[in-house]
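Reader: I should like to learn how the features of a structural model are read. May we proceed from one feature to the next?

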Amino acid sequence: MANFHLLILVYFLQIVFSFLGFLMLLFQIIRRPFSFYKTKSRNVPPACLSDPSHGTHEYITANGIKFHCVSKGDPSKPLMLFVHGFPEFWFSWQYQLKEFCNDYRVVAIDMRGYGETDKPAGVRNYTIEILKEDIVQLIKVLSPDRKCILVAHDWGGVVSWRVVQNHPELFHKFIVMNCPHAKVYRRAITKGWKQTLKSWYIFFFQCPWIPEMLLAINDYAAFDDMFKKGLFLNKDFSDDMVEAFKYTFSPRRNLTPPINYYRCMFMSSNRKHSYSSQKIETPTLLIWGERDLALDMSLSDKKEYNDICTDITIKRIPGCSHFVQQDCPHLTNQHMREFLEQ
Ligand SMILES: *[C@@H]1O[C@H](CO)[C@@H](O)[C@H](O)[C@H]1NC(C)=O
């Protein structure tokens, strides 16, 4: 499809889905006219976040901003860097930090705009180029002399696929979860409506402030839906853990930088970014929770990666949601271990 037609389609979808999002917001307001705006004040982090067994909280300056990360394990061991998705933060990797801290120096970051990391203002501070450079610079600080293992999920994956493609020299192995390569995603969007409809929220996120309102309404009920109802297999996802997410994304202005990742996606400066046609030779593991509501399972078909990767292993986890590393930590860790020991 020509770029111009794609652009028209994008604008059309933005209008349609913004309208639908607005109706959803209106429905919520009508349902609870006297309490929809009420939120609990969250000044103290829930106990699960300050639990020292996760690791040590550290701050690292890279690419001009201050990053917050949680690290554990012997610093002389190889680095295993964890990059989370939307709307999450370092805590999404709690089960992996525990599992791999004896074999690696494990470090889970808060991405730019998230959690305790700096949150530069404006949409243009969240271009793919800047996000990519964040990861490259962090690795140069954390592991200046040797290759590392990169582990990424969702938006972290979007950025990491590109980092691995452009900087193969930095990586020993790459593990990515419920996130297709951009080329695979683009092919799916242009081929039919199925994936485009599942991506409705990306178009909705293009409008100002309404997405933030919808996520924060009824004291961040969206997070209960996402994590308490949305995680299909993990019965242990406690109220305290959902509180950790609500704490991180409140007050409501903390939702804006993460949503700005989506708002920046369609900006002209971002679209110009071209892909290296070089195949990815870094051994790659794609783990896929099959019951992902936002990403079609065909995005994890092996044949889709024939022209992208020379060495890819794909492991699908049946019955598991998009948040695969939290929903099915045991199987996820097992697949990771097998791949790392190969
Ligand atoms: C990026 O963030 C900085 C710091 O918040 C701000 O001064 C600058 O104007 C922002 N740049 C853009 C393009 O929005």
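**The ligand and its surroundings**

Author: Let us begin with polar contacts to the ligand. In this predicted model, an N or O atom in the side chain of N125 lies 2.3 Å from an oxygen atom of the ligand. The protein buries 38% of the 360 Å² that the ligand exposes when taken alone.

Reader: Which backbone N or O atom lies 3.2 Å from an oxygen atom of the ligand?

Author: That backbone atom belongs to A121.

Reader: Which residues are around the ligand, and how does the shell divide into nonpolar, polar and charged residues?

Author: The residues around the ligand are P120, A121, G122, R124 and N125. By class, the shell holds two nonpolar residues, two polar residues and one charged residue.

Reader: Let us turn to the loop. Where is D118 found, and is D118 buried or exposed?

Author: A residue counts as buried under 20% relative accessible area and as exposed over 50%, with partly exposed in between. D118 has a relative accessible area of 29%, so D118 is partly exposed. D118 is found in the loop between strand 4 (105-109) and helix 4 (128-142). Although D118 and K66 are 52 residues apart along the chain, their C-alpha atoms are separated by 5.6 Å. The side chain of D118 reaches the backbone nitrogen of K66 at 2.9 Å. Beyond its neighbours within four places in sequence, D118 is in contact with I65, K66, R112 and G113.

Reader: Why is N333 classed as buried?

Author: N333 is classed as buried because its relative accessible area is 7%, and the cut-off for buried is under 20%. N333 has its place in helix 14 (residues 329-341). The side chain of N333 makes a polar contact of 2.9 Å with the side chain of Q96. Residues up to four places away in sequence not being counted, N333 touches Y95, Q96, E99 and F100.

Reader: How should one read the burial of a whole helix?

Author: The general idea is that an α-helix has 3.6 residues a turn, so residues three or four places apart point the same way. Helix 10 (residues 239-248) is mostly covered, with seven of its 10 residues buried. The buried residues are M241, V242, E243, A244, F245, K246 and T248. Their cover includes helix 2 (47-50), helix 3 (94-100), helix 9 (210-229) and helix 13 (324-327).

Reader: Where does UniProt place the feature "transmembrane region"?

Author: The unreviewed UniProt entry places that feature at residues 6-30. In the model, the chain over residues 6-30 is 100% helix and 0% strand, and the end C-alpha atoms are 36 Å apart.

Notes. Residues numbered from 1 in each chain as written. Predicted model: local features only at pLDDT ≥ 70, side-chain atom pairs only at ≥ 80, totals over all residues. Heavy atoms only, no water. Near = heavy atom within 4 Å. Polar contact = N/O pair within 3.5 Å; in protein donor to acceptor, adjacent residues only side chain to side chain. Areas by Shrake-Rupley, 256 points an atom, 1.4 Å probe, with all protein chains shown as cover. Nonpolar A, V, L, I, M, F, W, Y, C, P; charged D, E, K, R; others polar. Buried < 20%, exposed > 50% of the residue type's maximum accessible area, 1.4 Å probe, protein only. Helix = DSSP H or I, 4+ residues; strand = E, 2+ residues; numbered from the N terminus. Contact = heavy atoms within 4.5 Å. UniProt positions renumbered as here; feature names shortened; annotations may be inferred.
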